[in-house]
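What follows is a short report on a single structure, to be read beside its sequence and coordinates. It starts with a pocket and then turns to ring contacts, cysteines and a few individual positions.

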Amino acid sequence: MDNNIFQIFPIESFIDLSMYQYGYEQCSPGHSFGPAARNHYLFHYVISGMGTLMANDAKGVSRTYHIKSGQGFLIFPGQINTYIADQNLPWEYTWIEFDGLRVKEALELTSLSANAPVYHARYKELREQMMNEMLYIVRHPGETPYHLIGHLYLFLDYLSQSMRSAIPVQSGRMRDFYIKEAINFIEQNFQNGISIEDIAHVCGINRSYFGKIFKNAIGKSPQEFLMSYRMARATELLKLTTLSVAEIGEAVGYENQLHFSRAFKTVYGISPREWRNRHK
């Protein structure tokens, strides 16, 4: 394998779980990256060697972690961090940058947090399966996006299983029912002029309580989720059809083209027209 592999995932329209970049590197002694902050989650698994991670905790205080082979580290969105390869035994690692509407929920099955970003596996076999999924993605950039996303799901499953957090997974809670109902309603009605009040009404709860449990479960407010969902659907139409920007805005629930363009730029940082030109 090359000493340094870097790949960008070409599709941005996966919603629940998506990938942005991935790669592999055999670092030179003292090689460093940062200080920097990411927009998404970034997980490194250390195959061999060792190094140091310096990352801000939830209160913004910088903490230092010494990480060796068989361990890893998760960088959270917006978390300022720097990581440095050891001078004598520089680390070799593989990494994936990922995000999605269900990622926060999935990470709750682990003990990883901004205050505890170091990955410690409890089960060696599952840890190796996780590493294999990461390396599979790195070694097969030519596979279809759906194929690679399938392996990303397997990576996330092995990540959580190998840690087996002590946090109990409670099923059948009313909160889970409300969230499922809300997401189903959004998926079926995003093209209409639905409001957060409409979604809360379908769930049979008041807007304030709905907003609180939704953000706790998904990591985004209902407004942010609805906007992200609509914009993801918009990118599909921009890439796969010749519809005008105004027509696509209407198709995802925006009667006003200006409001649609502003919302799109909030999510993707560029206008719908510019996005289409880049992804032709």
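## The largest pocket

The largest pocket is lined by 31 residues, and those lying nearest its centre are Tyr20, His40, Asp99, Lys220 and Ser228. The model is a predicted one, and the space in this largest pocket comes to about 900 Å³. Two or more lining residues are given by each of strand E2 (18-26), helix H1 (103-107), helix H6 (207-218), helix H7 (222-240) and helix H9 (257-268), with H7 supplying the largest share of the lining, 4 residues. Sorted by class, the lining of the largest pocket holds 16 nonpolar, 8 polar and 7 charged residues.

## Aromatic pairs and charges over rings

The count of aromatic pairs in the model comes to 20. One of them joins Tyr83 and Tyr93, whose rings are edge-to-face at 6.4 Å centre to centre, with 70° between the planes. Because Tyr83 lies in strand E8 (residues 81-85) while Tyr93 lies in strand E9 (residues 92-99), this pair ties together parts that are 10 residues apart in sequence. Tyr83 and Tyr93 are both buried.

A pair that also involves strand E9 is formed by Phe98 and Phe155: the ring centres are 5.8 Å apart and the planes stand at 75°, so the pair is edge-to-face, the class given to angles over 60 degrees. Since Phe98 lies in strand E9 and Phe155 in helix H3 (residues 145-163), the pair ties together parts that are 57 residues apart in sequence. Both Phe98 and Phe155 are buried, and the two belong to one aromatic cluster together with Tyr41, Phe43, Tyr45, Phe76 and Tyr119.

Which arginines lie over the face of a tyrosine, and at what distance from the ring centre? The two cases are set out below.

| Arginine | Ring beneath | Distance from ring centre |
|---|---|---|
| Arg230 | Tyr254 | 5.4 Å |
| Arg233 | Tyr229 | 5.1 Å |

## Cysteines

How many disulfides does a search of the whole structure find? The search finds 0 disulfides, a disulfide being a covalent bond between the sulfur atoms of two cysteines. Cys27 has a relative accessibility of 4% and therefore counts as buried, the cut-off for that class being under 20%. By the same reasoning, Cys203 counts as buried because its relative accessibility is 8%.

## Individual positions and separations

The peptide bond that leads from Gly34 to Pro35 is cis, with omega near 5°, and Pro35 has its place in strand E3 (residues 32-36).

Ser48 belongs to strand E4 (residues 41-48), and its relative accessibility of 26% is the reason why Ser48 counts as partly exposed. Ser48 and Thr110 are 62 residues apart along the chain, and their C-alpha atoms are separated by 23 Å.

Arg102, in turn, lies in the loop between E9 and H1, and at 32% relative accessibility Arg102 likewise counts as partly exposed. Between the C-alpha atoms of Arg102 and Pro29, which are 73 residues apart along the chain, the separation is 37 Å.

Key
Residues are numbered from 1 along each chain as its sequence is written. This is a predicted model: local features need pLDDT of at least 70, side-chain atom pairs count only at pLDDT 80 or more; totals for chains, interfaces and linings use all residues. Side-chain values use heavy atoms; hydrogens and water are left out. Rings of Phe, Tyr and Trp (its six-membered ring) pair if their centres lie within 6.5 Å; planes under 30 degrees apart count as stacked, over 60 as edge-to-face and the rest as tilted. Buried means under 20% relative accessible area, exposed over 50%, partly exposed in between (1.4 Å probe, protein chains only). A charge sits over a ring if NZ of Lys or CZ of Arg is within 6 Å of the ring centre and within 35 degrees of the ring normal. On a 1 Å grid over the protein atoms alone, a cavity is a set of points where a 1.4 Å probe fits but cannot get out, and a pocket is an open set with protein on both sides within 12 Å along at least five of seven lines; lining residues have an atom within 4 Å of a point. Grid points are joined across faces, edges and corners, and a volume is the space filled by probe spheres set on the points. Ala, Val, Leu, Ile, Met, Phe, Trp, Tyr, Cys and Pro count as nonpolar, Asp, Glu, Lys and Arg as charged, and the others, Gly among them, as polar. A disulfide is a pair of cysteine sulfur atoms within 2.5 Å.
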